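Hello,

I am passing on a structure for you to look through. Please open it alongside the notes below, which say what was found in it.

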Amino acid sequence: MATDTDVLIIGAGPTGLYAAYYAGFRGLRVAVVDSLPELGGQITAMYPEKAILDVAGFPTVKGKALVEGLVAQASSAHPTYHLDRTARSLEHHGDSVTIGLDDGTEISAGAVIITAGIGKFSPRPLPAGDGWLGRGLEFFVPSFQPYVDKDVVIVGGGDSAFDWALHLEPVARSVALVHRRDAFRAHARTVQAVRDSSVDIITRAQVTELRGDGTLEEVEISVDGVEPVRRPAQALVAALGFVADLGPLQEWGIEVEKRHVVVSPSMQTSLPRVFAAGDITEYAGKVRLIAVGFGEAATAVNNAAVAIDPDAHVFPGHSSEGT
């Protein structure tokens, strides 16, 4: 099946959804492709209940509420969504770019904007957790309800581990956070909030065994220089990070640096008519925040509009003008 649009956005996370809205604001037809079955990218898949604190205008907003707002905002552009689909191929044909999807669909666009975050991602496994997934071991916490009145052990020292520890502490019977080092990668303020809570932080330690009859009942924790201890646990969250894969994108000839797409100040990639925005981009001074992605999305769309129509202006005016 073949179809066409003005702007094709690859990635339906926050940056992609805002890019869809902004393309509509510029009067462009827009289509959005994402390999996940739902809108919202990583936030929907992993952090729907997480409180996000660094989006302008929102002192705090839950991930799912932010996504709902972005979807509603993007609806003004009447985008065509191609979900649970992966962009496989890219070909240039004169003044258009054709993207081939894994279901055989071909989408011809005047410009492409890649907002694929970290690309396809898969969680790093817990060595002792083989065979326990779904039996007490999980990699994500999309909802807090399943953890009510449970003894929870979280493994990891990054933002996800500390965020989930902080959010589960009020609902779980107990929460322990196990990390192999004394230093943490998480934001200092979140670390301090967890230290001030009832969460038991166990460092220089690893979960070395999971036990239970059918489902998880306890874990063995080995601490450097100390005999292993057993701890009750009906739930274990392995927040050990992710392995990112840019997938077929790496075969398109785009300049990539350390699994990120290199862009110019106009968000132009090394390929004509192909732009990028959000966490997937790389340039001097890059800061990976949702708020930054929103600005990059607007920059990418405005420059894509000129690539599509050379008579267009990069700056279209403010959305409040004429109201």
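**A sheet, its hairpin neighbours and the charges**

Strands β20 and β22 run parallel and are joined by two bridges. Please keep in mind that this is a predicted model.

These two strands belong to an open sheet of three strands, ordered β19-β20-β22, in which the pairing is mixed. The edges are taken by β19 and β22 (281–282), each with a single partner strand, so one side of each has no neighbour in the sheet. Within the sheet, V262 has E282 in β22 as its bridge partner. As general background, strands of a sheet pair through backbone hydrogen bonds, either parallel or antiparallel.

E282 also takes part in a salt bridge. Its partner is R288, and the closest N and O atoms of the pair are 2.8 Å apart. Is E282 buried or exposed? E282 counts as buried because its relative accessibility is 19%, and the cut-off for buried is under 20%. R288 is partly exposed, with a relative accessible area of 33%.

**Other salt bridges**

How many salt bridges are there in the model? The count comes to twelve. In general terms, side chains of opposite charge can pair when their charged atoms come close.

One of the salt bridges is formed by D151 and R173, with 2.8 Å between the closest N and O atoms. D151 is in strand β11 (residues 151–155), while R173 is in the loop between α4 (159–168) and β12 (174–178), so this pair ties together parts that are 22 residues apart in sequence. The two ends of the bridge differ in exposure: D151 is buried, at a relative accessible area of 10%, whereas R173 is exposed, at 54%.

R204 and D224 also meet through their side chains in a salt bridge, at 3.7 Å from N to O. R204 sits in the loop between β13 (200–202) and β14 (205–211), and D224 in the loop between β15 (218–223) and β16, so parts 20 residues apart in sequence are tied together by the pair. R204 is partly exposed at 43% relative accessibility, and D224 is partly exposed as well, at 48%.

There is also a network of salt bridges, which links E209, R211, E218, E220 and R230.

**A patch of positive charge**

Which residues gather in a patch of positive charge on the surface? They are R124, R180, R181, R185 and R259. R259 leads back to the three-stranded sheet, being placed in the loop between β19 (256–257) and β20 (260–262). With a relative accessible area of 51%, R259 is exposed, because the cut-off for that class is over 50%.

**A hairpin and some positive phi angles**

Strands β6 and β7 (residues 96–101) pair in the antiparallel sense over six bridges. A87 stands opposite L101 in β7. The hairpin of these strands has two residues between them, and G94 there takes a positive phi near 65°.

Positive phi values also turn up away from glycine. For context, most residues other than glycine have a negative phi. Where does D84 lie? D84 is in the loop between β5 (80–83) and β6 (87–93), and its phi is near 60°, a positive value. D84 is partly exposed, with a relative accessible area of 46%.

M267 has a positive phi too, near 70°. The loop that holds M267 lies between β20 and β21 (274–276). Is M267 buried or exposed? M267 is buried, with a relative accessible area of 5%.

**V229**

V229 lies in strand β16, which covers residues 229–232. At 41% relative accessibility, V229 counts as partly exposed. The C-alpha atoms of V229 and V207 are separated by 9.7 Å, while the two residues are 22 residues apart along the chain.

**Where to start**

You could begin at E282, which is the bridge partner of V262 and also forms a salt bridge with R288. From there, R259 in the loop between β19 and β20 takes you to the patch of positive charge on the surface.

Regards

Note on methods
Residues are numbered from 1 along each chain as its sequence is written. This is a predicted model: local features need pLDDT of at least 70, side-chain atom pairs count only at pLDDT 80 or more; totals for chains, interfaces and linings use all residues. Side-chain values use heavy atoms; hydrogens and water are left out. Patches are made of residues with over 30% relative accessible area and no salt bridge: like charges are joined within 9 Å, nonpolar side chains (Val, Leu, Ile, Met, Phe, Trp, Tyr) within 5 Å. Accessible areas come from the Shrake-Rupley method with a 1.4 Å probe; for residues, only the protein chains shown count as cover. A salt bridge is a side-chain nitrogen of Lys or Arg within 4 Å of a carboxyl oxygen of Asp or Glu. Lys and Arg count as positive and Asp and Glu as negative; His and the chain ends are not counted. The place of a charge is taken as NZ of Lys, CZ of Arg, CG of Asp or CD of Glu. Helices (H or I, at least four residues) and strands (E, at least two) are DSSP runs, numbered from the N terminus. Buried means under 20% relative accessible area, exposed over 50%, partly exposed in between (1.4 Å probe, protein chains only). Two strands pair if DSSP finds at least two bridges between them.
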